[in-house]
Amino acid sequence: MRKQLKEIITDNKKYVFDGVTFGLYKITDENEYKIYKEGEDIQPYKTIDKSYRSKIVFNFSNNCNLKCKYCYADGGTYSTKHKRIMSRDVFDELISHLQDDGVKRIDIISFFGGEPLLNYDLIKYALPLLQQIFKVGTYEIITNGWFLSIDKLLLFQKYNVRLVISCDGPEIITDDLRGSGTFQRAIQAYKSAKNLGYNNISMSATYTKKHEEMGYTYDDVVNYFENNGIKASISRVLSNNKDMIPERALSFEDIKKDIDRSIIKIINKDKSGNINPFLYRVLLSIVYGARSFNFCDDLNSGWQVSYDYDGKAYNCFHFWGDENYSLYPNEETAEKLIKANDKNSIEICKNCWAKYFCKVCTAAVLQGTYDLFKEKGKCIDQDIYEYVIRCIIRITEQGQIDELFQIFKDDFVEYKVSA
């Protein structure tokens, strides 16, 4: 019996979505459907290719020139509290290690921190070396923009580096959260890049309780960037600090409106602002067959590794400096990590039709900054994914689904996708 089917009735028409194959079917013959339903799910799996890594993250700078109020990384120093940068010797050793492991292809290489541009000399050294040794899909740098000069932008443009500049909305809230003058620096860096014709660039905002206190809703921040023609993603803060966590959570109606708005943006090829993450995941799955096998696939070291400034390997950058969560932790910690990341260990998730869409920051769950099931015993994300499928059915009925898929594939996929 197939267990991961979702039946949806709309306008007196019955559809079924297969959460294993990502097929959407209009039911016109109940007997045929009954036979299909009584079949067996063949669960997919992802084989480990030793020559391939989905993502490599380098902590080029365990330091930052800012001290943002909500920073989960303790001002860029993570658990170590040390203000250090990665040396060239350490970087060379890591590259040699990857070569010795037989790695030839890497989808995403991320230069991270702290503020990675505090170690710009190493970035300038690394880019041509990585390009020479590996087949790289995307380079990315997440930066506060403070040190983004024209010469740096020209180098990043040469290697088509995806730049993400942190900015939390209007000047008053950005400067309150990140420090005086940070807004102008971020905006000027963004404008300088756009003036050079640099299009592989966006901004990233963190929505906090401070936004609420200053009268800015989540939608206000979304609209601020869109009205200024800035492509931006907005995420709610992950923090143990209650003074940073917004009191009002996004409602189901808020999320539905965001999904509707995102669909219109795709159809209109409007690249300002961000696409709703639930919609984005479903489209990735249907268009590419991409699946999330665990809550966070990055925690599988066969696909992704995060290297701290001193060269130590971790499953995730959130764990940098915490020896308990190094790539080779003690047995108790390893078991805890595997269990927390395993969808099959939770009854509500094991046979969920939306299982292969679902993504959760397992590190945030383990660190206590995210509650997997806010409503105990119920996954509210299932309702959101159902709404996305209903939208896809509606667009299918309107005859625009192929157009939606093609535009999404051509214009809105941030990274090269591997199924």
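The side chains of Lys-6 and Glu-386 meet in a salt bridge, at 3.3 Å from N to O. The term salt bridge is used here for a side-chain nitrogen of Lys or Arg within 4 Å of a carboxyl oxygen of Asp or Glu. The pair links distant parts of the chain, since Lys-6 is in strand β1 (residues 5-10) and Glu-386 in helix α14 (residues 380-397), 380 residues apart. Helices (H or I, at least four residues) and strands (E, at least two) are DSSP runs, numbered from the N terminus. Glu-386 has 17% relative accessibility and so counts as buried. Buried means under 20% relative accessible area, exposed over 50%, and partly exposed in between, with a 1.4 Å probe and protein chains only.

This is a predicted model, in which local features need pLDDT of at least 70 and side-chain atom pairs count only at pLDDT 80 or more, while totals for chains, interfaces and linings use all residues. Residues are numbered from 1 along each chain as its sequence is written, and side-chain values use heavy atoms, with hydrogens and water left out.

**Other salt bridges**

The whole structure holds 20 salt bridges. Another of them joins the side chains of Lys-13 and Glu-397. Lys-13 lies in strand β2 (residues 13-18) and Glu-397 in helix α14, so this pair ties together parts that are 384 residues apart in sequence. Lys-13 is partly exposed at 31% relative accessibility, and Glu-397 is partly exposed at 36%.

The bridge between Glu-213 and Lys-210 is within one helix: the two residues are three apart in helix α7 (residues 209-213), and are therefore separated by about one helical turn. Glu-213 is exposed, at 51% relative accessibility, and Lys-210 is partly exposed, at 23%. Glu-7, Lys-14, Glu-30 and Lys-37 are linked in a network of salt bridges.

| Salt bridge | N to O distance |
|---|---|
| Lys-6 and Glu-386 | 3.3 Å |
| Lys-13 and Glu-397 | 3.3 Å |
| Glu-213 and Lys-210 | 3.8 Å |

**The loop between β1 and β2, and Asp-381**

Asp-11 lies in the loop between β1 and β2, as does Asn-12. Phi of Asp-11 is near 50 degrees, a positive value in a residue other than glycine. For Asn-12, also a residue other than glycine, phi is positive and near 65 degrees. Most residues other than glycine have a negative phi. Asp-11 is exposed, with a relative accessible area of 68%, and Asn-12 is exposed at 81%.

Asp-381 is in helix α14 and is buried, with a relative accessible area of 14%. Its C-alpha atom is separated by 10 Å from that of Phe-357, which is 24 residues away along the chain.

**Aromatic rings**

There are 24 aromatic pairs in the structure. Rings of Phe, Tyr and Trp (its six-membered ring) pair if their centres lie within 6.5 Å; planes under 30 degrees apart count as stacked, over 60 as edge-to-face and the rest as tilted. Phe-60 and Phe-91 form an edge-to-face pair, 5.7 Å centre to centre with 90 degrees between the planes. Phe-60 lies in strand β4 (residues 52-62) and Phe-91 in helix α2 (residues 88-100), so the pair ties together parts that are 31 residues apart in sequence. Both Phe-60 and Phe-91 are buried. They belong to one aromatic cluster with Phe-58, Phe-111, Tyr-125, Tyr-139 and Tyr-307.

Arg-88 lies over the face of Tyr-125, at 3.9 Å from the ring centre. Lys-152 lies over the face of Tyr-120, at 4.7 Å from the ring centre. A charge sits over a ring if NZ of Lys or CZ of Arg is within 6 Å of the ring centre and within 35 degrees of the ring normal.

**The second largest pocket**

The second largest pocket has a volume of about 450 Å³. A pocket is an open set of points on a 1 Å grid over the protein atoms alone, where a 1.4 Å probe fits, with protein on both sides within 12 Å along at least five of seven lines; lining residues have an atom within 4 Å of a point. Grid points are joined across faces, edges and corners, and a volume is the space filled by probe spheres set on the points.

The pocket is lined by 20 residues, of which Asn-199, Asn-200, Lys-231, Asp-411 and Glu-414 lie nearest its centre. At least two lining residues come from each of β7 (135-143), α6 (182-195), β9 (201-207) and α15 (401-412). Helix α15 gives the most, with three residues. The lining divides into five nonpolar, seven polar and eight charged residues. Ala, Val, Leu, Ile, Met, Phe, Trp, Tyr, Cys and Pro count as nonpolar, Asp, Glu, Lys and Arg as charged, and the others, Gly among them, as polar.
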